[in-house]
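Hi,

Here is the structure I said I would pass on. Could you have a look at it when you get a moment?

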Amino acid sequence: METILEVKNLGKTFPIRNFIGRTKGGVSAVDRVSFSLGAQGTLGIVGESGCGKSTLARLLMRLIEPDTGEVNYRDRNILSLSGGPLKEVRRQIQMVFQNPYSSLDPQMTVLDNVAFSLWANGSGKAEARQAAYEYLDAVGLSRTHADRMPGSLSGGQRQRVAIARALILKPEIVIADEAVSALDKSVQAQVLNLFQDLKKEFALSLIFISHDLHVVEYMSDEVMVMYLGRVVEKGPTERIFGNPAHPYTRALLASAPSLDVEHAGSGAPALAGELPSPLNPPSGCRFRTRCPLATERCARETPALTEVGPGHQAACLLIEESKSA
Ligand SMILES: Nc1ncnc2c1ncn2[C@@H]1O[C@H](COP(=O)(O)OP(=O)(O)OP(=O)(O)O)[C@@H](O)[C@H]1O
Ligand code: SF4
Ligand SMILES: [Mg+2]
């Protein structure tokens, strides 16, 4: 599969200041993250709250500046672009957020909410509105919805508007950040199916961020598991769910009570203990304070991602050891 997005060594630490404005440390939100997204593929990103999923998405859009790394979109490092070329790349990568209510303008009709990004990019109003009708139709909304205000729509309908608004710019990549988390289960399923259909229709590549393992398993070809800013495991969906290698992934799967997957041979205990503060993450392997297999070496050494199967990598010292034995 052709690679459309290649991310290398991306890092972001948010400085924390005291009440007089002096820096007193930082939150390591994204630490040395690397991955690639195949053209028309779907990468699922999963992990507990605060593990850096949204920060990573914002870095990819260059809504915030990273401290380290590269984001290569079709062989161009987005981080080295400015002006027109940056604007063009930004158009190619669109985002759909968790809460469509706060991202839609309540004072504008549904139609104008969708048309707006097009005319903000230089199209005429009539032309933008015509296109907006077409994209509303593509997401299953009618002309009667188009004339309403966002506040009168249901949560699922509002999310469809947000999707239409992202698609009208004809992006190649859509990043959905907890895009179905606020919806009821039945509506969630409809919106997930819509994403699947639109992905085919518009030849999209998707990054699907969710804390919900069901959603990620259903949507993704590849999955990346994050813990406290780091990638702990990544690989093809069926391997991550059928043959998880990292103790965190195993615990996460074991903690999802209704998840209908075979945790092949893991028999892992569910996730225990508190998530450490990202202000002061554990030394060495960041998962060590909750890992049932941790040894004293895990406090000293940082595990690197190691190949555990075809296209499948995990970052655990035990895996490194077994490989070198
Ligand atoms: N602007 C900011 N300033 C300081 N810290 C931040 C900022 N944005 C995020 N963080 C911190 O970075 C870490 C990662 O946050 P992020 O929102 O990326 O996590 P997340 O995985 O998206 O979580 P959730 O599942 O709750 O959405 C958290 O500890 C968060 O508090
Ligand atoms: S490196 Fe150590 S603490 Fe980290 S996952 Fe592996 S065994 Fe557990
Ligand atoms: Mg988030």
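Below are my notes on the ligand site, the pockets and one residue in a helix. Bear in mind that this is a predicted model.

Let's start with ligand 2. It sits in the largest cavity. The residues around ligand 2 are His-246, Pro-247, Cys-285, Arg-288, Cys-291, Leu-293, Ala-294, Cys-298, Cys-316, Leu-317 and Leu-318. Sorted by class, that shell comes out as nine nonpolar residues, one polar and one charged.

Next, the open sites. The largest pocket has a volume of about 480 Å³. Its lining is made up of 19 residues, and Gln-94, Ser-117, Asn-121, Arg-165 and Leu-169 are the ones nearest the centre. Which elements give two or more residues to that lining? They are helix H2 (83-92), strand S6 (93-96), helix H4 (110-120) and helix H7 (155-167). H4 provides the largest share, with four residues. If you want the chemistry of the largest pocket, the lining splits into ten nonpolar, four polar and five charged residues.

The second largest pocket has a volume of about 350 Å³. Here too 19 residues form the lining, and closest to the centre are Phe-35, Ser-36, Leu-37, Gly-38 and Glu-222. Strands turn up repeatedly in this one: S1 (3-17), S2 (23-38), S3 (42-46), S9 (222-227) and S10 (230-236) each supply at least two lining residues. The largest share, five residues, comes from S2. By class, the lining of the second largest pocket has six nonpolar, nine polar and four charged residues.

Last, a residue I looked at individually: Val-191, which is found in helix H8 (residues 185-201). Is Val-191 buried or exposed? With a relative accessible area of 0%, Val-191 counts as buried, because the cut-off for that is under 20%. Leaving aside residues up to four places away in sequence, Val-191 touches Gly-156, Gln-159, Ile-163, Val-180 and Leu-183. There is also a C-alpha to C-alpha distance of 8.8 Å between Val-191 and Ala-179, which are twelve residues apart in sequence.

That's everything I have for now. Shout if you'd like to go through any of it together.

Cheers

Notes. Residues numbered from 1 in each chain as written. Chains lettered and ligands numbered in written order. Predicted model: local features only at pLDDT ≥ 70, side-chain atom pairs only at ≥ 80, totals over all residues. Heavy atoms only, no water. Near = heavy atom within 4 Å. 1 Å grid on protein atoms, 1.4 Å probe; cavity = no way out; pocket = protein on both sides within 12 Å on 5 of 7 lines; lining within 4 Å. Sits in = over half its atoms within 2 Å of the grid points. Nonpolar A, V, L, I, M, F, W, Y, C, P; charged D, E, K, R; others polar. Points joined across faces, edges and corners; volume = space filled by probe spheres on them. Buried < 20%, exposed > 50% of the residue type's maximum accessible area, 1.4 Å probe, protein only. Contact = heavy atoms within 4.5 Å.
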